[in-house]
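Reader: I would be grateful for a close look at a single part of this model, namely its mixed sheet. Please describe how that part is assembled, what packs on it, and then how the remaining elements are arranged.

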Amino acid sequence: MIDFHGFEMPVQYTSVIDEHLTVRRAVGIFDLCHMGEFDLEGPGAVATLSQLTTNDPSGLQPGEIQYTMLTNPNGGIIDDILVYRTETGFFLVVNASNTEKDFNWINQHLLPDTTLRDRTSELALIAVQGPKSLPVVERVLGKPLADVETYTFIDTEYKGYWLRASRTGYTGEDGFELYLPNAGAEELWQDLMTTGAEEGIAPIGLGARDTLRLEMRMPLYGNDIDETTTPLEAGLGRFVKFDKGDFIGRAALVKQKEAGVQRRLVGFVLQERGVPRQGYPILSAEGEEIGIVTSGTHSPSLNQAIGTGYVAAESASPGTEIYILVRQKRLKAQIIKGRFLK
């Protein structure tokens, strides 16, 4: 157990490898009550969100979810968030480390007739992830969920509690994220564990959560993205809609796009024994320092070391040979395209 942004969180229940493979092969359950949740409502909600985020929320229909980013005037990423379109506005899910910062930032930019409410302290979040997640969640909630598409959600109930079930996750596997009042969380957790026993369900800690998301090239705030990195540098340009109108950071991002991005976030696979860690230097084949590792681990699925890092744009092409300086030893690696796990 460790302190994680004010919450006591499990790094692992058994082992990172066992938990990781459980999610890839069967089904895992995650306690994510540390995540932040806000309601943004009122006549000005769409315009408020549009000026604050890189993606375009105006076309979202109730029940749909969008990945987007809050950016500062320099185009730096304040946070990457999920936006749920509700009947009355938006439900925002933000990173635990940024909950207070995000709330204050959004609150400062509210348009008239718009309200922002922090629901973090009253809601619990449990994620169920893996190829066998659907039947487990269906049995617990007592309703068919196959028609709930990826990046959509439904509002239902569980034993008298309001519950929001979204087909989203941070593992690359199929699964659901379940929001409900704190009072129902423990019973839901136990119900999922009991019902999922025959599917091989197991609780999953922060360690495997990190290895799972890294295999799928999902960025981690504070490692791969922060206020000093832009969506264009991080390879998230597809979530920046320049043609939707003005938003905070747009001018800086337009300028960067026109001038050319100077560094890029790349994925690489180590070709020698060793594990890359955040902060390790990335070197060119000639030995020149060209970047820095942002995330790294030993991939349980691939049984090899993988990582991500920012490198100079001219060295970012897939297939490029690079070296990672691990404890003063140069280890050969190769930049890859796309996700590590297909």
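Author: In this predicted model, six strands make up an open sheet with mixed pairing, and their order is 10-11-12-9-3-13. The edges are taken by strand 10 (153-158) and strand 13 (202-203); each has a single partner strand, so one side of each is left without a neighbour in the sheet.

From the edge at strand 10, the pairing can be followed inward. Strand 10 runs antiparallel to strand 11, and six bridges join the two. Within this pair, isoleucine 154 lies opposite alanine 165 of strand 11. The two strands form a hairpin with two residues between them, where lysine 159 adopts a positive phi near 50 degrees. Strand 11 (residues 161-166) is in turn joined to strand 12 (residues 175-181) by three bridges, and this pair is antiparallel as well. Alanine 165 appears again here, since its bridge partner in strand 12 is leucine 178. Alanine 165 thus stands opposite isoleucine 154 and is also bridged to leucine 178.

A helix packs on this sheet. Helix 5 (residues 185-195) lies across strand 3 (28-31), strand 9, strand 10, strand 11, strand 12 and strand 13. Relative to strand 9, helix 5 runs at about 10 degrees.

Helix 5 also packs with helix 4 (residues 133-141), their axes being 9 Å apart and the angle about 125 degrees. An angle of 65 to 115 degrees would count as roughly perpendicular and one over 145 as roughly antiparallel; helix 4 and helix 5 are therefore oblique to each other. Their crossing is right-handed. Helix 4 contributes Val136, Arg139 and Val140 to the contact, while helix 5 contributes Leu188, Asp191, Leu192 and Thr195. By class, four of the residues in this contact of helix 4 with helix 5 are nonpolar, one is polar and two are charged.

A second helix pair involves helix 1 (residues 16-25) and helix 6 (residues 206-215), whose axes come within 8 Å and cross at roughly 50 degrees. Helix 1 and helix 6 are therefore also oblique to each other, and helix 1 passes helix 6 in a right-handed crossing. On the side of helix 1, the contact involves Val16, Glu19, His20, Val23 and Arg24; these meet Gly207, Ala208, Thr211, Leu212 and Glu215 of helix 6. The residues of this contact comprise four nonpolar, three polar and three charged.

There is also an open sheet of five strands, ordered 5-6-7-4-8, in which the pairing is antiparallel. Its edge strands are strand 5 (65-71) and strand 8 (115-118), each of which pairs on one side only. From one strand to the next, the twist averages 30 degrees. At the strand 8 edge, four bridges connect this strand to strand 4 (residues 36-41), the two running antiparallel. Phenylalanine 38 has aspartate 118 of strand 8 as its bridge partner.

A side-chain link is found in this region too. Aspartate 39 forms a salt bridge with arginine 119, with the closest N and O atoms 3.2 Å apart. The pair links distant parts of the chain: aspartate 39 belongs to strand 4, whereas arginine 119 sits in the loop between strand 8 and strand 9 (123-129), 80 residues apart. The structure holds 15 salt bridges. The loop that carries arginine 119 lies between strand 8 and strand 9; strand 8 is an edge strand of the antiparallel sheet, and strand 9 stands between strand 12 and strand 3 in the order of the mixed sheet.

Terms used:
Residues numbered from 1 in each chain as written. Predicted model: local features only at pLDDT ≥ 70, side-chain atom pairs only at ≥ 80, totals over all residues. Heavy atoms only, no water. Axes fitted to C-alpha atoms, helices over the stretch in contact; angles between N-to-C directions. Parallel < 35°, antiparallel > 145°, perpendicular 65-115°, else oblique. Left-handed = near helix turned anticlockwise from the far one by under 90°. Contact = heavy atoms within 4.5 Å. Nonpolar A, V, L, I, M, F, W, Y, C, P; charged D, E, K, R; others polar. Pairing = 2+ DSSP bridges. Salt bridge = Lys/Arg side-chain N within 4 Å of Asp/Glu carboxyl O.
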